[in-house]
Amino acid sequence: MNGVASEPPSLDAADYDPIQHLNLLFSHPSTVSSISRVSSTLQSQHNDLSAEISSLQTAQAYGPDSSLERMQSAQAELAGLFKKIETVRSRAIQTEQNITSMTADIKRLDGTKRNLTLSMTALKRLQMLTTAYEQLRGLAKTRQYRECASLLQAVLQLMRHFNSYRSIDQIATLSRGVGELQRELLEQVCEDFEIAFAKGEVGARKATLVEACGVMDALGDNARARLVTWYVNTELREYRQVFRGNDEAGSLDNIGRRYAWFKRMVKGYEEEHAAIFPPHWRVGETLAMAFCDGTRDDYKGILEKSMRRLDGPKIDVNLLLGCLQETMDFEQTLERRFASESRASIDTLSSADERTQSFNGAISVAFEPYLSLWVESQDKALAAMIPKYKAQPLLPLDEEFSPQAVISSAIELFHFYKLTLSQCAKLSTSERLLDLAKTLAKYLDEYAQQVLFAILQKPGQTGTSLQDIILVLNTADFWHANTGQLEENIKKRIDNELVPKVDLSSQADAFLGVASAAVIALVNKVEVDCEGAWREMKNTNWSKMESVGDQSSYVGELVSHVNAKAEEILAVVVKQQYARAFADKLVEHLANTYINTIVQCRPISEVGAEQMLLDKYVLTKALENLLSHHNPSSQPQQHVPPSSFVKRVNATMTRIDPLLKTLQVRPSPPEGLVQAYLIHVGDRSDTNFRKILELKGIRKQDQGHLMELFAIHRDGPGAGDKLVAQSPLLTPLMNAPGLGGVGVGSSNLNLMSIDRLASGPGAALSTAAQGAASRFDAASLGEKLLNAARDGVERMGTPAAHELAQQQGSSAGQNNAASINENLKNFGKFFRRDIGGLGARFGKRDGSADEH
């Protein structure tokens, strides 16, 4: 229609698209006029298709082979099929009825036969029961127990078949007769045993008694238990009469006689009576358990009576322990004996009865409530050992000092602990073992405080010798390790419900505190040796210095003394972690002392500050090689210090830089000094800025203008957010009246100050923590201990304060030792928390060196 030759799509196509067909028919606006023609054509086509469909439907419905005819034919066939099925079902029912009528007689005959068989069997069993019953009565009268045993089992078994027939008079009468015969046999056998034992005819009548035991087996568990109970009471009657009726024989002093009597009795049982009773009765084990029960009750009464006694001595601890040990040995003997007998019968039928009782604790449980007396005796023994350890030499006279040596008293105490714990675990694993653990913990604290820590507090000019400090350090390390092992050992032995109550961590912390104090004592040794060098630094006129040269003379002397003393100390420090701890603490102390000495050297000129900065650099480089003195190699020049230690040395010494760099700036122009302070120090404190002016030697009348400029620049828009309130470096400096004191650290670290801290350890630790918060490092072993001691010296170390402390009441003196010990525990907890225990802080717990 649009002049383009295009094949119209077929209406019969499966993929016919009407839109495409319409677009083809009306592809141009001019073809719109043909819509009517196309519509009529489509309608005509639709009508033709409808007519064709109707004709086809009619032909399909009414043709000779139409669907309707096929449906009618299928329905007729289904009706015929259902009819045949019904016919088959009716025939099956008829057949079943015929078969039932044919087999009814047979079923009746089967039922009659079954009932007849049951009746015959019942009559036969009744005949057998009656016959056996009569025979059993005759055998019982003549005491033919062997035949009685087997026949009685048969009678009882047959009688069980007639339990449901007891409503019949004859059966009920027979059942009563059997029961009466059982009772007669029981009494008869018991009478035979009593007569045989009473007249001493056991040997002559042994065969009869053995056969009688077979009858008791057939009579059941109750009869057997009655005979065994009678025998046990008969055998133990003499024991009860002798040891319960006589206070002297029954006392704890004669405990051995009890066990000796039982052994004689058991020997007689095995020789004369054991063969009478069947092995599976376990008469010997029952006899032993009855002896244990009676003896335990006797001991309970004796011990209770002794504890209630008002006149005369109570229980002797050594006697109590001896009796308990002898009792436990006796129990172990019984346990081994009867356990072996049980294993020996493993191939027999009797072994099916497993042992349900144990002899462990059968008697000794009576002693357990009184073991507290033994624990108290151990407490007294340890209390006597501590003063002896304080007075005796650290090493035996014939033993020379070695870097690995441990104080001899520690070894002795360790062996005492080990023996005592082993002994108590054998006696009791319940509350008494827990009480002993608490006692051992108590004297671990005493040993740490009164023995080890007291060595570090020796008075005098020289104080504690280097060898003694090393011995204390090694011993504290020894006990720190063994305290954990001791705790684990106790937990393995004690009852499960008491395991959470065993805790020796505070004792381990106390020994960590002692180890830290020993490290500080080593640092103090170096400090004393360096006093001359620091004195020379103080005597130098830093305000008149005109130019910066090489290192100052005091630096060489200081480095020489530090290296010499450090080499001497590190040569006897065995473990790497303690060597590192000593080096870290020494660097920290030298840095603090350097700052303190700078304060004491005021006034300091700009050139002097620059010279001090150079000296600090030289000192830093020298301190980096401190650890080369520990286990030195054959070629010291090849020693490379651990990178972590070098970082720590530089971080510690760099704290001095802001102070010296600020002092290097001239006061004119004044803005330069103020800006230098804000850049290097960076705080908002007027007091700290005034300290810088004091150190530079600026006169009071000239400080006002500088303070005004400082206030202006400090409060300016660009500096407010960058400044801190107080500089951790300058705030502790020169806090005394007139800004003349020293506050970063005391130039003399005295361990005696730790003792004085006992009156206020919490405040001292709190102050130290505040002052050192910005520089505290997990690598600083003993940091908080040192700061607490230092703070205590400043606030409490004056002679007047010391005299006042000596004049306090007696209650304060009694609490002093406990406070010191608590301090040691707190210091140890710091190390446990901050460094994970001595060794972990250095990277490895095994004491290996740091990574390079």
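## Two arginines in loops

R282 sits in the loop that links α9 (255-273) to α10 (283-308). Its phi is positive, at about 55°, even though R282 is not a glycine. This is a predicted model, so read every value here as computed from the prediction.

R143 is another arginine to look up. You'll find R143 in the loop between α3 (67-141) and α4 (145-161). Phi of R143 is near 60°, again a positive value in a residue other than glycine. Why point these out? Because most residues other than glycine have a negative phi. As for its surroundings, R143 counts as partly exposed, because its relative accessibility is 33%, and partly exposed means anything between the 20% and 50% cut-offs.

## The whole chain

Now zoom out. How many helices and how many strands does the protein chain have? There are 30 helices and 0 strands. The protein chain has 852 residues, and buried ones make up 43% of them.

What about contacts along the sequence? Take the contacts in the protein chain with a separation of 6 or more: 78% of them are between residues 24 or more positions apart. On the outside, the protein chain exposes about 45000 Å², and carbon and sulfur atoms supply 53% of that area.

## Helix α19 meets α17

Helix α19 covers residues 576-600, and one of its partners is helix α17, residues 531-539. Their axes are 9 Å apart and the two helices pack at an angle of about 30°. Are they roughly parallel or roughly antiparallel? Angles under 35 degrees count as roughly parallel, and therefore α17 and α19 are roughly parallel to each other. Their crossing is right-handed.

Which residues make the contact? From α17 come W534, M537 and K538, while α19 brings L590, T593, Y594, T597, I598 and Q600. Sorted by class, this contact has 5 nonpolar, 3 polar and 1 charged residues.

## Helix α19 meets α21

Helix α19 also packs with helix α21, which spans residues 643-654. Here the axes come within 9 Å and cross at roughly 15°. That angle makes α19 roughly parallel to α21. The crossing of α19 and α21 is right-handed.

On the α19 side you can pick out R580, A583, D584, V587, E588 and A591. They meet S644, F645, R648, V649, T652 and M653 in α21. By class, the contact of α19 with α21 has 6 nonpolar, 2 polar and 4 charged residues.

## T620, tucked into α20

Move along to helix α20 (residues 606-623), where T620 has its place. Is T620 buried or exposed? T620 is buried, because its relative accessible area is 4% and buried means under 20%.

So what does T620 touch? Leaving aside neighbours within four places in sequence, T620 is in contact with V649, N650 and M653. Two names there may ring a bell: V649 and M653 are also among the α21 residues that meet α19.

## Two cis peptide bonds

Most peptide bonds are trans. Here are a couple of cis ones to find. The bond from R602 to P603 is cis, with omega near 0°, and P603 lies in the loop between α19 and α20.

S668 and P669 are joined by a cis peptide bond too, with omega about 0°. Look for P669 in the loop between α22 (657-663) and α23 (670-680).

## Far in sequence, together in space

K206 belongs to helix α6, residues 206-219. With a relative accessible area of 27%, K206 is partly exposed. Although K206 and A275 are 69 residues apart in sequence, they are 8.4 Å apart in space, C-alpha to C-alpha. What is K206 in contact with, once neighbours within four places in sequence are left aside? The residues are E271, E272 and I276.

A711 gives you another pair to check. A711 has its place in helix α25 (residues 700-714) and is partly exposed, with a relative accessible area of 23%. A711 and S685 are 26 residues apart in sequence, and their C-alpha atoms are 9.5 Å apart in space.

How values were computed. Residues numbered from 1 in each chain as written. Predicted model: local features only at pLDDT ≥ 70, side-chain atom pairs only at ≥ 80, totals over all residues. Heavy atoms only, no water. Helix = DSSP H or I, 4+ residues; strand = E, 2+ residues; numbered from the N terminus. Buried < 20%, exposed > 50% of the residue type's maximum accessible area, 1.4 Å probe, protein only. Contact = heavy atoms within 4.5 Å. Areas by Shrake-Rupley, 256 points an atom, 1.4 Å probe, with all protein chains shown as cover. Axes fitted to C-alpha atoms, helices over the stretch in contact; angles between N-to-C directions. Parallel < 35°, antiparallel > 145°, perpendicular 65-115°, else oblique. Left-handed = near helix turned anticlockwise from the far one by under 90°. Nonpolar A, V, L, I, M, F, W, Y, C, P; charged D, E, K, R; others polar.
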